[in-house]
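Reader: I am new to this structure and would like a close look at one part of it, the place where a ligand meets the protein. Please take me through it slowly, and then show me what lies around it.

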Protein chains: 2
Amino acid sequence: MTSSDRIKNAFLRSKIMTAEDAASLIQSGNTVGMSGFTGSGYPKALPPALAERIEAAHDAGEKFKINLWTGASTGPELDGALSKSDAIEYRLPYNSDPVGREKINRGEIDYLDMHLSHVAPMVWEGFFGKLDVAVIEVTGVNEDGSLIPATSVGNNKTWIDCAEKVILEVNSWHDERLLGMHDIYYGTALPPNRVPIPMVSADARIGQPTFRCDPHKVAGVIVTDLPDRNAPFSPIDDTSRTIAAHLMEFLQHEVKMGRLTNRLLPLQSGVGNVANAVLDGLKDTPFHDLKAYTEVLQDGMMDLLDSGQLLTASSTAFSLSPEAAVRFRENLDFYRDKVILRPTEISNHPEVIRRLGCISMNGMIEADIYGNVNSSLVMGSRIMNGIGGSGDFARNSFISIFVSPSVAKGGKISTIVPQASHVDHITQDVQVLVTEQGLADLRGLAPKKRAQTIIKNCAHPDYRPMLEDYFARAMRDSYGLQTPSLPSEALSWHQRFIDTGSMRPRAPRASDK
Amino acid sequence: MTSSDRIKNAFLRSKIMTAEDAASLIQSGNTVGMSGFTGSGYPKALPPALAERIEAAHDAGEKFKINLWTGASTGPELDGALSKSDAIEYRLPYNSDPVGREKINRGEIDYLDMHLSHVAPMVWEGFFGKLDVAVIEVTGVNEDGSLIPATSVGNNKTWIDCAEKVILEVNSWHDERLLGMHDIYYGTALPPNRVPIPMVSADARIGQPTFRCDPHKVAGVIVTDLPDRNAPFSPIDDTSRTIAAHLMEFLQHEVKMGRLTNRLLPLQSGVGNVANAVLDGLKDTPFHDLKAYTEVLQDGMMDLLDSGQLLTASSTAFSLSPEAAVRFRENLDFYRDKVILRPTEISNHPEVIRRLGCISMNGMIEADIYGNVNSSLVMGSRIMNGIGGSGDFARNSFISIFVSPSVAKGGKISTIVPQASHVDHITQDVQVLVTEQGLADLRGLAPKKRAQTIIKNCAHPDYRPMLEDYFARAMRDSYGLQTPSLPSEALSWHQRFIDTGSMRPRAPRASDK
Ligand SMILES: CC(C)(COP(=O)(O)OP(=O)(O)OC[C@H]1O[C@@H](n2cnc3c(N)ncnc32)[C@H](O)[C@@H]1OP(=O)(O)O)[C@@H](O)C(=O)NCCC(=O)NCCS
Ligand SMILES: CC(C)(COP(=O)(O)OP(=O)(O)OC[C@H]1O[C@@H](n2cnc3c(N)ncnc32)[C@H](O)[C@@H]1OP(=O)(O)O)[C@@H](O)C(=O)NCCC(=O)NCCS
């Protein structure tokens with residue numbers, strides 16, 4: 001079956017064109033909303049063609065840049081290609097592409113790192129101006145012109161609704177059995193007309209399986225047969241295993257105390273290696289009949305579905321390693337009624353997350369002794385990825401857990417620091433911190449007790465005495481004693497890393513005497 | 001009419017006792033949940049009696065301390081008296097009492113500063129342990145034992161439901177016509193049993209006018225006739241007037257752009273002088289038929305109700321100056337159907353705030369050049385009040401606005417700083433910043449543009465060149481250029497204030513040469 005057979009609507013079939021022709025519909029200065037969330041469901045043909053076109057323009061001495069909006073991160077053919085060609089003026093709401101990251105950190109791309117739950121509403125509210133073009137990858141087009149979503153939903157509904165023109169990539173690489181796995185909710189509105197989102201369980205379906213799309217807005221259709229490209233996860237190492245073990249012990253304790261049952265509450269697990277590894281730790285626990293209400297469905301979630309421990313998983317995108325993606329396709333009939341893909345607006349909606357009472361587990365860059373968490377900016381200025389949906393979950397979950405090894409870069413960086421160099425999650429949004437050293441249950445603790453607990457339970461032994469020393473001196477010399485701190489020293493570890501490549505105190509030199 | 005006539009239930013009338021006797025029901029180590037939200041509706045007889053009892057115990061060399069939970073801040077007879085007597089071991093979720101503040105900042109009270117929307121759910125979830133005693137001020141008791149709330153609702157429903165025993169203060173100072181102004185929602189539950197909160201407009205009523213209370217839990221009833229004691233607001237000065245004018249111009253611009261209508265969206269206005277003054281600025285605008293969905297109802301809201309510009313106001317408490325409180329009582333029949341008091345859990349619920357699309361306007365301590373806001377900790381360590389409900393509103397509102405004079409303490413402090421010494425509201429939660437210098441509309445701006453806009457529009461001219469210089473050097477020397485920063489210098493203004501009493505660079509001295 002070729003891709004064009006996937007286009008059951010005759011009018012839309014008449015719009016088939018090459019990626020090059022479609023790319024020529026995009027002008028310099030345009031704001032373009034593309035599909036894609038992690039390496040799933042992003043357009044794969046138009047972006048490289050557009051990148052080529054833009055490179056040619058640049059070679060001819062012309063200025064050509066676009067503003068790029070997506071669901072979240074995408075694949076190398078999209079963010080990679082466009083970043084490499086200096087095609088992006090402005091980017092929202094998330095990036096994890098290495099080339100894009102490098103250009104952002106050199107100040108060459110303006111990057112607005114957003115709460116993912118804010119994106120669709122704020123676009124509707126008109127805060128970011130007009131969306132010129134939507135470029136959306138889909139699995140197929142129905143006779144009535146409705147669109148079968150692909151492996152991610154992200155902001156596609158909003159892009160299709162808001163854009164002046166729409167370009168579709170119909171990708172026959174996607175399995176047609178995806179039809180029915182999506183739940184596209186059309187009940188959102190602008191205030192004062194908003195109503196409750198009628199979701200009362202993580203696996204409820206409140207929408208429809210396809211996107212509506214006015215065919216007259218469709219300016220072009222590209223047929224493709226190209227694979228999603230998600231990065232593999234790092235193998236699960238001892239550090240991650242120990243982190244997971246601490247967390248599982250904690251959850252079992254919560255069951256013992258009667259605050260949870262062995263069915264737990266809907267699980268959210270963040271992006272990254274550590275969050276993925278934590279899921280693996282669920283395997284050897286008495287927890288059963290679990291549900292996930294999460295943003296991305298990683299390998300760890302698939303394994304839990306396979307074993308039957310996880311009954312259903314709701315997310316906005318697959319974020320599977322290449323191996324897991326093959327496994328998913330091979331067993332799609334098994335997963336069909338267990339997986340629900342929703343618009344990010346719903347997967348990350350504070351209303352729903354608070355109602356369901358998620359257990360959220362996210363990775364972090366660093367936490368300070370008061371439990372403020374930095375998820376995004378290394379040394380306070382260099383972007384790693386972005387806040388993504390971590391804020392949507394952390395503030396609204398039943399319990400918000402952050403996980404990280406206690407050191408990074410072979411021990412040169414302590415992930416527990418006197419003061420976070422940037423804050424994504426304020427102390428009020430962090431109930432539990434876990435490193436391989438141990439777990440800090442911060443619920444109910446006032447700041448100084450938080451500090452003592454975090455230093456004792458989570459800090460690496462190499463840095464623990466330094467943190468104890470800082471805290472003791474802050475207790476003595478701080479301006480106020482609610483959260484004792486020494487502003488002249490609070491960020492000195494970061495400065496030392498920048499200056500010397502390590503947060504460790506430099507060895508005394510002869511000249512110090 | 002004396003207070004005991006206010007107790008229509010015979011069984012509860014039989015429980016009348018003195019404040020001293022009631023105070024003796026509280027033991028050292030108890031966790032006590034008291035009513036009160038700002039200087040409204042807090043118990044006024046038991047706390048001073050308890051303070052006396054505790055002082056006597058201390059004089060006799062006995063340890064006697066309690067853990068104190070409330071709705072938010074309270075009055076001098078409660079937080080003031082208990083703080084003065086060193087009666088408080090642990091305090092949540094908010095304090096603005098000067099004696100309490102002083103003890104917290106000396107490290108003598110453990111203070112957990114919380115999102116107000118988190119308090120009731122987390123208590124229900126069992127995260128803070130058992131509540132021994134609830135002490136609740138009410139306006140009266142109905143024949144069926146239900147309780148007529150007073151001038152604040154706060155966490156009273158939760159305290160009454162969760163506490164092992166309940167002590168009531170029936171205060172005949174409160175006007176009986178308060179009956180019917182409250183909307184106590186009994187539809188909350190623990191996950192997985194939570195359902196949508198059926199509120200679709202700011203003035204909807206979804207609950208009942210009174211509290212349910214098992215009479216057998218009531219251990220004592222005190223009759224009182226004592227006034228609420230709210231602090232007066234500072235007179236509205238030119239600085240506040242200018243801030244308000246900038247904000248009104250902005251809102252009118254939003255109407256012109258079609259993003260709002262002249263009815264705006266439900267207004268939230270924070271605690272403090274500046275937020276109150278901003279409301280005054282609404283007077284001379286074309287905005288009409290307004291509604292408020294806010295946490296506290298200050299003088300400014302009353303004025304707008306009086307003029308008819310504001311149709312209805314929903315809040316969890318009155319926060320009126322003594323003059324406005326008199327005015328309220330004199331015209332209670334006018335206000336009765338215009339004011340709704342709700343549990344804080346509902347007034348501050350992210351689900352409802354996001355659905356209604358509030359326009360939130362809150363005061364701040366400082367903001368940094370990227371728009372991270374500090375609402376609570378002076379110089380990063382000395383508590384002013386707390387985050388209160390500002391985070392509930394800032395993250396979930398249609399638009400989140402923070403207001404402050406550009407300098408504090410006679411110009412010795414710049415409220416725009418290179419890096420916030422503490423973060424309550426992350427850059428993603430701050431869309432507009434206003435000082436008397438101007439307004440920064442940050443929507444859609446990536447960090448470096450945010451910095452330029454904030455420095456240019458909001459910083460005081462005395463500090464603007466210093467900020468420009470910092471930003472320029474950060475652009476040159478920063479580790480990454482997503483949010484250029486210099487960790488060794490980012491908090492140096494705070495350190496200089498601590499060292500010299502001013503953020504201004506000290507004048508060069510002879511010894512500097
Ligand atoms: C914070 C985050 C980067 C951690 O990712 P992870 O894969 O679990 O963690 P790792 O330990 O493998 O670290 C990833 C990288 O960050 C680096 N890193 C981690 N902590 C660091 C620190 N304190 N300083 C500098 N670098 C650090 C690691 O060295 C590694 O770098 P490398 O790729 O060059 O080897 C990731 O969770 C993230 O981007 N979070 C923000 C978005 C989010 O939470 N989304 C969830 C949405 S629901
Ligand atoms: C931030 C907050 C203290 C501002 O209050 P305000 O009354 O509007 O502002 P003012 O300018 O009158 O300042 C209040 C005090 O803070 C001081 N202050 C303000 N900014 C300061 C700064 N950057 N550094 C040091 N002190 C500062 C003022 O000097 C003043 O002190 P004083 O009482 O000794 O004179 C107040 O809004 C608050 O507590 N907010 C947090 C809770 C909240 O937002 N709740 C809303 C819930 S919905």
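Author: What follows goes from the first ligand to the second, then to the contact between the chains, and ends with a few details of the backbone.

The model is predicted, and everything said here should be read with that in mind. Ligand 1 is surrounded by 24 residues, and the closest of them are A:Gln268, A:Asn273, A:Ile365, A:Asn385 and A:Lys409. One of these, A:Lys409, places a polar side-chain atom 2.8 Å from an oxygen atom of ligand 1. The backbone also takes part: a backbone N or O atom of A:Val274 lies 3.1 Å from an oxygen atom of the ligand, and a polar backbone atom of A:Val271 is found 3.3 Å from an oxygen atom of ligand 1. Taken alone, ligand 1 exposes 950 Å², and the protein buries 80% of that area. Two elements of chain A, helix 9 (273-281) and strand 15 (359-363), are those that give two or more residues to the shell around ligand 1. Sorted by class, this shell holds ten nonpolar, twelve polar and two charged residues.

Turning to chain B, one finds ligand 2 with 24 residues around it, where B:Gln268, B:Asn273, B:Ile365, B:Asn385 and B:Lys409 are the closest. Here the side chain of B:Asn385 has an N or O atom 2.6 Å from an oxygen atom of ligand 2, while a polar backbone atom of B:Asn273 is 2.8 Å from an oxygen atom of this ligand. A backbone N or O atom of B:Val274 lies 3.1 Å from an oxygen atom of ligand 2. On its own, ligand 2 has 950 Å² of accessible area, of which the protein covers 80%. In chain B, the elements that supply two or more residues to the shell around ligand 2 are helix 9 (273-281) and strand 15 (359-363), and the classes in that shell are ten nonpolar, twelve polar and two charged residues.

The two chains also meet each other, in a contact that takes 81 residues from chain A and 81 residues from chain B. About 7000 Å² is buried between chain A and chain B, and carbon and sulfur atoms give 56% of it. Of the area that chain A buries against chain B, 12% is supplied by A:Arg354, A:Arg395 and A:Tyr479, which is more than any other three residues give. Between the chains there are four salt bridges, including one in which the side chains of B:Glu351 and A:Arg355 meet at 3.1 Å, N to O. There are also 42 residue pairs in polar contact between chain A and chain B, both residues being at pLDDT 80 or more. Helix 14 of chain A, residues 350-356, gives the most to the side of chain A that touches chain B, with five residues. That side of chain A has 38 nonpolar, 27 polar and 16 charged residues.

Some details of the backbone complete the picture. A cis peptide bond joins A:Leu92 and A:Pro93, with omega about -5°, and A:Pro93 sits in the loop between strand 3 (88-92) and helix 5 (98-105) of chain A. In chain B, the peptide bond from B:Leu92 to B:Pro93 is cis, with omega near 0°, and B:Pro93 belongs to the loop between strand 3 (88-92) and helix 5 (98-105) of chain B. Finally, B:Thr38 is not a glycine, yet has a positive phi of about 50°, and B:Thr38 is found in the loop between strand 1 (31-34) and helix 3 (46-59) of chain B.

Note on methods. Residues are numbered from 1 along each chain as its sequence is written. Chains are lettered from A and ligands numbered from 1 in the order in which they are written. This is a predicted model: local features need pLDDT of at least 70, side-chain atom pairs count only at pLDDT 80 or more; totals for chains, interfaces and linings use all residues. Side-chain values use heavy atoms; hydrogens and water are left out. A residue is near a molecule or strand if one of its heavy atoms lies within 4 Å of it. A polar contact is a pair of N or O atoms within 3.5 Å; within protein, one must be able to donate a hydrogen and the other to accept it, and residues adjacent in sequence count only if both atoms are side-chain atoms. Accessible areas come from the Shrake-Rupley method with a 1.4 Å probe; for residues, only the protein chains shown count as cover. Helices (H or I, at least four residues) and strands (E, at least two) are DSSP runs, numbered from the N terminus. Ala, Val, Leu, Ile, Met, Phe, Trp, Tyr, Cys and Pro count as nonpolar, Asp, Glu, Lys and Arg as charged, and the others, Gly among them, as polar. Contact means heavy atoms within 4.5 Å. Buried area is the accessible area (1.4 Å probe) that two parts lose on being put together, summed over both.
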